[in-house]
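Got the model open in your viewer? Here is a short route through it, with a selection to make at each stop.

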Amino acid sequence: MSEEPLYERLGGEDSIEAVVDRFYEHVMADDLVNGYFEDVDMQRQIAHQTQFISSVTGGPVEYTGEDMRAAHEGMGITEEEFDAIARHLDTALAEFDVPEKDREDVLDEIASYEDAIVGA
């Protein structure tokens, strides 16, 4: 029997959206990275990020956003900033009692996009 998809283990789209909401609370409280979101429609951003995480964790959701490199082009995101964002996501997942193994799996999925995001 195969293991339940990570998307299901996370509780599906509603649970992922709750985590993403909390994640952005942490991001917006962090002066290292919150400047990237000053002029961003956060409701749209949360919906977009929920769709992305749902998609990369094996959910029945197709990510329709821009290619990662194109989406982050010219932003000059550093490795330190990428790591801060990953930490905020891990913290939000932990606050929703997501088991460490599942948190690592989510972060591994996100880390696979690092080259496209950092310094794009």
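## Stop one: a charged face

Start by selecting Glu-17, which sits in helix H2, residues 12–28. Helices here are DSSP runs of H or I with at least four residues, numbered from the N terminus. Before you go further, keep in mind that this is a predicted model: local features need pLDDT of at least 70, side-chain atom pairs count only at pLDDT 80 or more, and totals for chains, interfaces and linings use all residues. Residues are numbered from 1 along each chain as its sequence is written, and side-chain values use heavy atoms, with hydrogens and water left out.

Glu-17 is partly exposed, at 37% relative accessible area. On this scale buried means under 20%, exposed means over 50%, and partly exposed is in between (1.4 Å probe, protein chains only); the areas come from the Shrake-Rupley method.

Now add Glu-13, Asp-14 and Asp-21 to the selection: together with Glu-17 they gather in a patch of negative charge on the surface. Patch members have over 30% relative accessible area and no salt bridge, and like charges are joined within 9 Å. Asp and Glu count as negative, Lys and Arg as positive, with His and the chain ends not counted. Each charge is placed at CG of Asp or CD of Glu.

## Stop two: Arg-22 and its partners

Stay in H2 and select Arg-22, which is partly exposed at 28%. Which side chains does Arg-22 meet in salt bridges? One is Glu-25, at 3.8 Å, N to O; both residues lie in helix H2, three residues apart, about one turn of the helix. Another is Glu-95, at 3.0 Å, N to O. That second pair links distant parts of the chain, with Glu-95 in helix H5 and Arg-22 in helix H2, 73 residues apart. Glu-95 is itself partly exposed, at 36%. A salt bridge here is a side-chain nitrogen of Lys or Arg within 4 Å of a carboxyl oxygen of Asp or Glu.

## Stop three: the salt-bridge network

The structure holds seven salt bridges. Next, show Arg-9 and Asp-105, whose side chains meet in one of them at 3.1 Å, N to O. Because Arg-9 lies in helix H1 and Asp-105 in helix H6, this pair ties together parts that are 96 residues apart in sequence. Arg-9 is partly exposed at 23%, whereas Asp-105 is buried at 17%.

## Stop four: the core

Hide the charges and select Tyr-24 and Leu-89. Of the 30 residues in the largest nonpolar core, these two touch the most other members. Such a core is a set of buried Ala, Val, Leu, Ile, Met, Phe, Trp, Tyr and Cys residues joined through side-chain atoms within 4.5 Å. At least two core residues come from each of H1 (6–9), H2, H3 (42–56), H5 (79–95), H6 (100–111) and H7 (114–117). H2 gives the largest share, six residues.

Then pick Ile-53 in helix H3, buried at 5%. Its C-alpha atom is 8.4 Å from that of Tyr-7, 46 residues away along the chain.

## Last stop: a loop

Finish on Asp-97, in the loop between H5 and H6. Asp-97 counts as exposed, at 67%. Check its backbone too: phi is near 60°, a positive value in a residue other than glycine. Most residues other than glycine have a negative phi.

Terms used. Patch = residues over 30% accessible without salt bridge, like charges linked within 9 Å, V, L, I, M, F, W, Y side chains within 5 Å. Areas by Shrake-Rupley, 256 points an atom, 1.4 Å probe, with all protein chains shown as cover.
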